[in-house]
Amino acid sequence: MRRSAIKAANKELERIDAFFNTYANMSSGLIDPEGIERLCSDVEVDHTDVRILMLAWKMKAEKQGYFTLEEWRTGFKAMRVSNKYALKKALPELEKEVRRPINFVDFYSYSFRYCLTEEKQKSIDIDSICELLNIVLGSQYQAQVDLFVQYLKTQNDYKVINMDQWMGFYRFCEEISFPDLSNYDPELAWPLILDNFVEWLREKQTQS
């Protein structure tokens, strides 16, 4: 790398770090939930907006509600963003990137892992899952999400959802003819919760 290119890269990194420090909690050296709220306000995006989750995915952030300097650098170097104006402009492009099928599966599984807040936690409670489904899949598969959320809130067999069930529902949305469910085969390797969901749906359809 030529000296001028190195100098430019260093300058860019300085700007990214300065941008980080605008929101970081100086005693912890992290951007915490309060800092994320301020960032959202500056780019005029609600903190529950899916694009904030997409930003966390781009940074490979590990802990929900917190960004480290390293994670911040990872995301913003890749996006070539070093201030709030550039970030606001870059969000639609980031959304396009995430919605490419090859990236979306990774983002969908990341969104589950990102919500595991306790050490060794492997599942997420039903209320949180319902919120997460709306944020992550609502715009693509609203009808399926609405009915699955309705099912989850009325059933009594499951108090939590694990990763296998979470990924199974995405596969269901992608592969199953809806609302007729004509190609759903319970003999295939679907998580049991989806067999139960389909049974519940079919009963609901015969009643209406």
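This passage describes the fold, helix packing, internal spaces and backbone features of a predicted model.

The secondary structure of the predicted protein comes to 10 helices and two strands, and from the N terminus on these elements follow the order α-α-α-α-α-α-β-α-α-β-α-α. Along its principal axes, the C-alpha trace spans about 70 × 35 × 30 Å. An unreviewed UniProt entry carries the annotation "domain: DCUN1", which covers residues 11-202. Within the model, that span is 64% helix and 3% strand, and its end C-alpha atoms lie 60 Å apart.

Two helix pairs illustrate how the elements are arranged against one another. Two packed helices are described by the angle between their axes and the distance between the axes. For helix 3 and helix 6, the latter formed by residues 101-114, the packing angle is about 95° and the axes are 10 Å apart. Because angles of 65 to 115 degrees count as roughly perpendicular, helix 3 is described as roughly perpendicular to helix 6. Helix 3 contributes Val50, Leu53, Met54, Ala56 and Trp57 to this contact, and helix 6 contributes Asn103, Asp106, Phe107, Tyr110, Ser111 and Tyr114. Sorted by class, the residues of the contact between helix 3 and helix 6 comprise eight nonpolar, two polar and one charged.

The second pair consists of helix 9, residues 163-175, and helix 10, residues 192-207, which pack at an angle of about 45° with their axes 9 Å apart. This angle makes helix 9 oblique to helix 10. On the side of helix 9, the residues in contact are Gln165, Gly168, Phe169 and Phe172, and these meet Ile193, Leu194, Phe197 and Val198 in helix 10. The contact of helix 9 with helix 10 has six nonpolar and two polar residues, with no charged residues.

Empty space within and around the fold was examined next. Rolling a probe the size of a water molecule over the atoms shows where empty space is left. The structure holds one cavity of 30 Å³ or more, and about 30 Å³ of space lies in the largest cavity. Its lining is formed by Ile129, Phe148, Leu152, Ile161, Gln165, Trp166 and Phe169. The elements that give two or more residues to this lining are helix 8, residues 142-154, and helix 9. Helix 9 provides the largest share of the cavity lining, with three residues. By class, the lining of the largest cavity has six nonpolar residues and one polar residue, and no charged residues. Gln165 and Phe169 thus appear in the cavity lining and also among the residues of helix 9 that meet helix 10.

The largest pocket has a volume of about 560 Å³. Among the 20 residues that line this pocket, those closest to its centre are His47, Gln64, Tyr114, Cys115 and Ile135. Two or more lining residues come from each of helix 2 (33-42), helix 3 (50-59), strand 1 (123-125) and helix 7 (126-137), and helix 7 gives the most, with four residues. The lining of the largest pocket divides into 10 nonpolar, six polar and four charged residues. Tyr114, which is listed with the residues closest to the pocket centre, also takes part in the contact of helix 6 with helix 3.

Two features of the backbone, both in loops between helices, complete the description. Most residues other than glycine have a negative phi, and most peptide bonds are trans. Glu44, although it is not a glycine, has a positive phi of about 55°, and this residue is found in the loop between helix 2 and helix 3. A cis peptide bond joins Phe178 and Pro179, with an omega of about 10°. Pro179 lies in the loop between helix 9 and helix 10, the two helices that are packed obliquely in the model.

Note on methods: Residues are numbered from 1 along each chain as its sequence is written. This is a predicted model: local features need pLDDT of at least 70, side-chain atom pairs count only at pLDDT 80 or more; totals for chains, interfaces and linings use all residues. Side-chain values use heavy atoms; hydrogens and water are left out. UniProt positions are given in the numbering used here, feature names are shortened, and annotations may be inferred rather than shown by experiment. On a 1 Å grid over the protein atoms alone, a cavity is a set of points where a 1.4 Å probe fits but cannot get out, and a pocket is an open set with protein on both sides within 12 Å along at least five of seven lines; lining residues have an atom within 4 Å of a point. Grid points are joined across faces, edges and corners, and a volume is the space filled by probe spheres set on the points. Ala, Val, Leu, Ile, Met, Phe, Trp, Tyr, Cys and Pro count as nonpolar, Asp, Glu, Lys and Arg as charged, and the others, Gly among them, as polar. Axes are lines fitted to C-alpha atoms, for helices over the stretch in contact, and angles run from 0 to 180 degrees between N-to-C directions. Angles under 35 degrees count as roughly parallel, over 145 as roughly antiparallel, 65 to 115 as roughly perpendicular and the rest as oblique. Contact means heavy atoms within 4.5 Å.
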